[in-house]
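Thanks, everyone, for making the time. I would like to walk you through a few side-chain contacts and one surface feature, and I will try to keep each statement close to the coordinates.

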Amino acid sequence: MSTVEPVVKVEKYNGVSTIIMNRPKKRNAMSPELHELMDKTLEELEQDPDTKIVVIRGAGGNFSAGQDLKEFFRGMEENPTKAKHMAETANRWRWERLYNYDKPTIAVIEGYCVGGAFMQLLATDFAIASENATFSLSEVNWGILPGALVSKVVVDSVLYRHALYYACLGEAFDAKEAARVGFINYAVPHESLEAEVDKLADKLMKKSPAVLKATKQAIRQVRTMDFGQAYDYLLAKNTAIRVDDPEKSYQTGLAQFVDNKSYKPVYGPFELGTLLSYDDPKKSKK
Ligand code: COA
């Protein structure tokens, strides 16, 4: 029986599936094998009915030291066909798949988050870091620029002076600085990290999945639209929610606030699955 650990592991608990980049001895540097497995795992979990939220993190106290310089760069220099295939796979999961993911995604950062790992960091919907985390766009320090889409997603995420500063200097920075400039949502004391991740996941799971999915897609898509396109898209998207939301959130939310006065949307969502227990005022008047 093989005792070799898989380079990607999944742990499932209460609707949250945690994908773990698992090369702790290499600080979870991303090898071709890791990319293949991450891509496959994300695809599977998107279709898994028991997975409501996906968390991405690394084993052994680090997020990821970026691309594996030995296996991903030097190892494929003589094999352009494989290099192209691997670049496509690496980019697919770290950007296209995560950026368009149907379910909410959370990056959890501890220890090192370097270079190519900024792609999945910035493609996830939310990112929480331990105050022990160290971030670095180190590429300039070893002779390349932040490639694949790293430069692009960095400058799209933070103010452009911060992007230039960290890409050109390659200086390491901590989690509070990462939160200040907008690479992550917040930094928390290391001992609170697990509780904070659970808290965010619980909040997300109380929302209607259909409305949440449409909302995160909308925020992402309108970034590159002009105002006319955005009006049109958002109108159509809002109409579409009403068709495919099993919670019937629009009707439920309105009725429970306007008619029943049973909750206040400013302070949280209505309880999922409560449409059936709601007395339709139009029906009761008949
Ligand atoms: N690619 C390949 N191997 C890597 C790696 C990477 N990106 N990052 C770490 N490793 C390997 C080291 O070579 C070492 O392997 P070894 O045990 O066979 O010698 C092992 O992981 C542990 O790394 P080490 O440098 O000893 O750990 P550390 O905790 O002292 O330092 C880092 C960690 C992340 C600061 C340091 O390894 C580093 O600077 N890595 C390069 C990160 C980088 O620039 N990535 C950009 C890629 S786009």
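**Salt bridges and a surface patch**

Let me begin with R92, which is partly exposed, its relative accessible area being 31%. Please keep in mind throughout that what you are looking at is a predicted model.

Which residue does the side chain of R92 meet in a salt bridge? The partner is D39, and the N to O distance in that pair is 2.9 Å. Because R92 sits in helix α3, which covers residues 80–99, while D39 sits in helix α1, which covers residues 32–47, the contact ties together parts of the chain that are 53 residues apart in sequence. With regard to cover, D39 has a relative accessibility of 7% and therefore counts as buried, the cut-off being under 20%.

D39 also forms a salt bridge with R97, and here the closest N and O atoms are 2.7 Å apart. This pair again links distant parts of the chain, since D39 belongs to helix α1 and R97 to helix α3, with their positions 58 residues apart in sequence. Is R97 buried or exposed? At a relative accessible area of 18%, R97 is buried.

Let me turn now to a local contact within helix α1, where K40 forms a salt bridge with E44, the closest N and O atoms lying 3.5 Å from each other. Both residues lie in helix α1, and they are 4 residues apart, which is about one turn of the helix. K40 is partly exposed, with a relative accessible area of 46%, and E44 likewise counts as partly exposed, at 47% relative accessibility. Going back to the contacts between the helices, salt bridges that share partners join D39, E43, R92 and R97 into one network.

How many salt bridges does the count come to? By the rule applied here, the count is 16 salt bridges, and the pairs I have described, including R92 with D39, are examples of such contacts.

My last item concerns the surface, where Y250, L254, F257 and V258 make a nonpolar patch of about 370 Å². One of these residues, Y250, is found in helix α11, which runs over residues 249–259, and at 42% relative accessibility Y250 counts as partly exposed.

To close, I would ask you to look again at D39, which is buried and which forms salt bridges with R92 and with R97. Thank you, and I am happy to go back to any of these contacts.

Terms used:
Residues are numbered from 1 along each chain as its sequence is written. This is a predicted model: local features need pLDDT of at least 70, side-chain atom pairs count only at pLDDT 80 or more; totals for chains, interfaces and linings use all residues. Side-chain values use heavy atoms; hydrogens and water are left out. A salt bridge is a side-chain nitrogen of Lys or Arg within 4 Å of a carboxyl oxygen of Asp or Glu. Helices (H or I, at least four residues) and strands (E, at least two) are DSSP runs, numbered from the N terminus. Buried means under 20% relative accessible area, exposed over 50%, partly exposed in between (1.4 Å probe, protein chains only). Patches are made of residues with over 30% relative accessible area and no salt bridge: like charges are joined within 9 Å, nonpolar side chains (Val, Leu, Ile, Met, Phe, Trp, Tyr) within 5 Å. Accessible areas come from the Shrake-Rupley method with a 1.4 Å probe; for residues, only the protein chains shown count as cover.
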